[in-house]
Amino acid sequence: MNVWLVGAGPGDPDLLTVKAARLLAEADVVVHDALVGGGILALVPPAAELIDVGKRPGRPVPQELISTLLVSLARDGKRVVRLKGGDPFVFGRGGEEAQALLDAGIPFGVVPGITSAVAAPAAAGVPVTHRGVAASFTVVTGHRRAGEHEIDWRALARVGGTVVVLMGVSQRATIAAELIAGGLDPATPVAAVQAATTGDQVTLRGRLDELASADVRSPAVLVIGAVAALELTGVVAPAFSGGR
Ligand SMILES: C[S@@+](CC[C@H](N)C(=O)[O-])C[C@H]1O[C@@H](n2cnc3c(N)ncnc32)[C@H](O)[C@@H]1O
């Protein structure tokens with residue numbers, strides 16, 4: 001396999017899969033996103049090349065450029081890890097890169113990662129489903145580009161269950177207003193989990209009609225629904241490796 005599209009999980013290096021850690025240790029080149037933190041990049045051998053293609057405000061990296069880079073590194077015979085935050089196929093544009101590799105005839109594999117869509121709520125003690133409270137959860141992006149399908153928030157309000165929004169911070173006022181217009185109770189609990197599983201994790205809690213004015217910072221996952229009132233964190237247990 002020349003290229004691996006690898007999920008890095010939500011941030012905590014302990015949440016990498018065993019396969020992801022092994023591939024990082026064997027890589028010649030690691031092409032990574034902005035959301036992949038230093039703790040994970042520290043697992044890359046010093047001899048390997050690190051290429052940061054993270055898209056940041058004011059510094060967009062065209063997707064075609066990334067796909068072309070992966071193809072060209074693979075053709076040079078490099079063992080390439082394309083490392084993406086969370087899961088590569090959950091709003092990670094991993095599908096587009098897989099398609100480009102397929103079109104170029106480059107062998108590749110996909111390693112799923114723990115998506116922030118479930119890891120961030122869990123880190124805040126919020127189960128996305130909970131017997132008698134939420135029987136389903138919908139994961140949706142709050143970020144739309146011109147020409148892409150609009151999200152029908154009003155329809156989503158009628159689906160029931162938990163709504164988990166990624167990339168929703170800048171649009172939170174519209175999202176809240178549309179969900180309320182669609183019938184969600186303005187008092188619906190909301191949890192906004194910022195920088196989940198990292199040393200900077202912060203959880204803000206409130207009601208849906210308070211979301212617009214809440215001081216939420218990216219990256220954050222918005223959890224909307226009755227489960228967001230739960231905080232099942234308990235007493236933090238020491239890591240097993242910490243011994244007794
Ligand atoms: C481009 S999407 C990538 C999602 C990623 N593929 C995944 O499965 O988690 C980026 C968004 O993921 C969410 N996100 C990723 N990591 C996060 C974290 N550690 N804490 C909170 N939100 C996170 C935020 O909503 C952020 O805007």
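**Exercise 1. Work out the strand order of the open five-stranded sheet in this predicted model, and find its edges.**

Solution. Start with the order of the strands, which reads β6-β7-β10-β8-β9. The pairing within this open sheet is mixed. Next, look at the two ends of that order: β6 (137-141) and β9 (202-207) are the edge strands, since each of them pairs on one side only. Finally, check the twist: ignoring direction, neighbouring strands are turned by 20° against each other on average.

**Exercise 2. Is the pairing of β6 with β7 parallel or antiparallel, and which residue is the bridge partner of Val139 in β7?**

Solution. Take β6 and follow it alongside β7, residues 162-166: the two strands pair in the parallel sense, over five bridges. Then pick out Val139, whose bridge partner in β7 is Val164.

**Exercise 3. Which strands does helix α5 lie across?**

Solution. Locate α5 at residues 116-123. This helix lies across β6, β7, β8 (189-194) and β10 (220-224). For its direction, use β10 as the reference: α5 runs at about 75° to that strand.

**Exercise 4. Is Glu97 buried or exposed, and which side chain does Glu97 join in a polar contact of 2.9 Å?**

Solution. First, place Glu97 in helix α4, residues 94-103. Second, compare its relative accessibility with the cut-off: Glu97 has 1%, and buried means under 20%, so Glu97 counts as buried. Third, turn to its side chain, which is joined to that of Arg82 by the 2.9 Å polar contact. Last, set aside neighbours within four places in sequence; Glu97 is then in contact with Leu5, Gln63, Ile66, Ser67, Leu70, Arg82 and Lys84.

Note on methods:
Residues are numbered from 1 along each chain as its sequence is written. This is a predicted model: local features need pLDDT of at least 70, side-chain atom pairs count only at pLDDT 80 or more; totals for chains, interfaces and linings use all residues. Side-chain values use heavy atoms; hydrogens and water are left out. Two strands pair if DSSP finds at least two bridges between them. Helices (H or I, at least four residues) and strands (E, at least two) are DSSP runs, numbered from the N terminus. Axes are lines fitted to C-alpha atoms, for helices over the stretch in contact, and angles run from 0 to 180 degrees between N-to-C directions. Contact means heavy atoms within 4.5 Å. Buried means under 20% relative accessible area, exposed over 50%, partly exposed in between (1.4 Å probe, protein chains only). A polar contact is a pair of N or O atoms within 3.5 Å; within protein, one must be able to donate a hydrogen and the other to accept it, and residues adjacent in sequence count only if both atoms are side-chain atoms.
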